[in-house]
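Here's a friendly walk through a protein model for someone seeing it for the first time. Have a look at the picture, then read on.

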Amino acid sequence: MNATRKTAASESKALQKGQQTKAAIVDAALGLATQIGLEGLSIGALAEVARMSKSGVFAHFGSREELQISVVREYHLRFEAEVFLPILQVERGLPRLRQLFANWTKRTSAEIDSGCLYISGAAEFDDRPGPVRDALASSVKTWLAAVHRTVVQAREEGHLAADMDAEQMVFELHGLILALQYEARFLRSSKSLARTLKGFENILLRYGASDVVPVIKTSAKRTTSSKK
């Protein structure tokens, strides 16, 4: 009985160590992928970064494709933990939608130098069918579905117009994030974040947000007369 327990304990420790090693490899792979892209990720390159043998890395994944998919999944988990999960503690409706977009822009801004795996991955695999593209597309669709639910909740709470088009709003919000990444990363625009936030407020206003106060421009003539 004692021998059986020792064997079970030994196997459990080995399994735990194997899981920890794989997690460390995925972490290194994710860091590498954000720099050189998913397509540039290889067993050999990762083995060098992780200071392991190629056979050691291969034993955990079996193929370059499975390695890439594991990186996509890990990226999605971290994205979800940083951007989506925190908003569940915020009041439903517009407050939650605002926090979601704030988290999203914060994450995107932090990735200006390293790059967003969703965006860079789309550029790499947009015309390349296969499991890696499917994993990327599934992650993005899952995220946009979460944004859509948040928008619908804001509408149901009466914080947005009752007849607003939730799908169209999500499309426009996503477009803002893509523009932020492009303008800040590629064009190096210092105004990209400010314009993104202004764009968000403009979108809220158009969709009937209850907490947005429109700016009323006063003509010079009216201003002068009011001073009198």
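Is arginine 188 buried or exposed? With a relative accessibility of 57%, arginine 188 counts as exposed, because the cut-off for that label is over 50%. Keep in mind that this is a predicted model, and everything below is computed from it.

**The overall picture**

Let's step back. The protein has 10 helices and 0 strands. Going along the sequence, the pattern reads α-α-α-α-α-α-α-α-α-α. Of the 228 residues in the protein, 37% are buried. Now take the contacts between residues at least 6 apart in sequence: 69% of them join residues at least 24 apart.

**Helices 8 and 9, and the loop between them**

Back to arginine 188. You'll find arginine 188 in the loop between helix 8 and helix 9. Its backbone has a quirk, too: phi is positive, about 55 degrees, although arginine 188 is not a glycine.

How do the helices on either side of that loop sit together? The axes of helix 8 (residues 166-186) and helix 9 (residues 192-206) come within 9 Å and cross at roughly 170 degrees. That angle is over 145 degrees, so helix 8 is roughly antiparallel to helix 9. On the helix 8 side, the residues that meet helix 9 are Met169, Glu172, Leu173, Leu176, Leu180, Glu183 and Ala184. Facing them from helix 9 are Ser192, Leu193, Thr196, Gly199, Phe200, Ile203, Leu204 and Arg206. Sorted by class, the contact of helix 8 with helix 9 has 9 nonpolar, 3 polar and 3 charged residues.

**Helices 6 and 7**

Here's another pair to look at. Helix 6 (residues 117-125) packs with helix 7 (residues 131-156) at an angle of about 140 degrees, and their axes are 10 Å apart. What does that make them? Helix 6 and helix 7 are oblique to each other, because 140 degrees is not over the 145 needed for roughly antiparallel. The crossing of helix 6 past helix 7 is left-handed. Helix 6 brings Leu117, Tyr118, Gly121, Ala122 and Phe125 to the contact, while helix 7 brings Val132, Arg133, Leu136, Ser139 and Val140. The residues in this contact of helix 6 with helix 7 divide into 7 nonpolar, 2 polar and 1 charged.

Helix 7 deserves a word of its own. Helix 7 has 26 residues, and from its first C-alpha to its last it reaches 37 Å, close to the 38 Å expected at 1.5 Å a residue. After helix 7 comes glycine 158, with a positive phi near 80 degrees.

**A few residues up close**

Time to zoom in. These residues sit in different spots, and the table shows how accessible each one is.

| Residue | Relative accessible area | Label |
|---|---|---|
| Leucine 67 | 0% | buried |
| Leucine 100 | 0% | buried |
| Serine 70 | 10% | buried |
| Serine 53 | 40% | partly exposed |

Start with helix 4 (residues 64-84), where serine 70 is found. Leucine 67 has its place in helix 4 as well. What does leucine 67 touch, leaving aside its neighbours within four places in sequence? Its partners are Ala29, Leu41, Ser42, Ile43, Leu46 and Phe61. Leucine 67 and leucine 30 are 37 residues apart along the chain, with 9.8 Å between their C-alpha atoms. Serine 70, not counting residues up to four places away in sequence, touches Val26 and Phe61. Phe61 is therefore a contact of leucine 67 and of serine 70.

Next comes leucine 100, which is found in helix 5 (residues 94-110). Not counting residues up to four places away in sequence, leucine 100 touches Val83, Phe84, Ile87, Trp143, Val147 and Thr150. One of these partners, phenylalanine 84, is 16 residues from leucine 100 in sequence and 6.4 Å away in space, C-alpha to C-alpha.

Finally, where is serine 53? Serine 53 lies in the loop between helix 2 (43-50) and helix 3 (54-61). Its relative accessible area is 40%, so serine 53 falls between the cut-offs of 20% and 50% and is partly exposed. From C-alpha to C-alpha, serine 53 and isoleucine 43 are 9.2 Å apart, with their positions 10 residues apart in sequence counted as separation.

Note on methods
Residues numbered from 1 in each chain as written. Predicted model: local features only at pLDDT ≥ 70, side-chain atom pairs only at ≥ 80, totals over all residues. Heavy atoms only, no water. Axes fitted to C-alpha atoms, helices over the stretch in contact; angles between N-to-C directions. Helix = DSSP H or I, 4+ residues; strand = E, 2+ residues; numbered from the N terminus. Parallel < 35°, antiparallel > 145°, perpendicular 65-115°, else oblique. Left-handed = near helix turned anticlockwise from the far one by under 90°. Contact = heavy atoms within 4.5 Å. Nonpolar A, V, L, I, M, F, W, Y, C, P; charged D, E, K, R; others polar. Buried < 20%, exposed > 50% of the residue type's maximum accessible area, 1.4 Å probe, protein only. Expected span 1.5 Å × (residues − 1).
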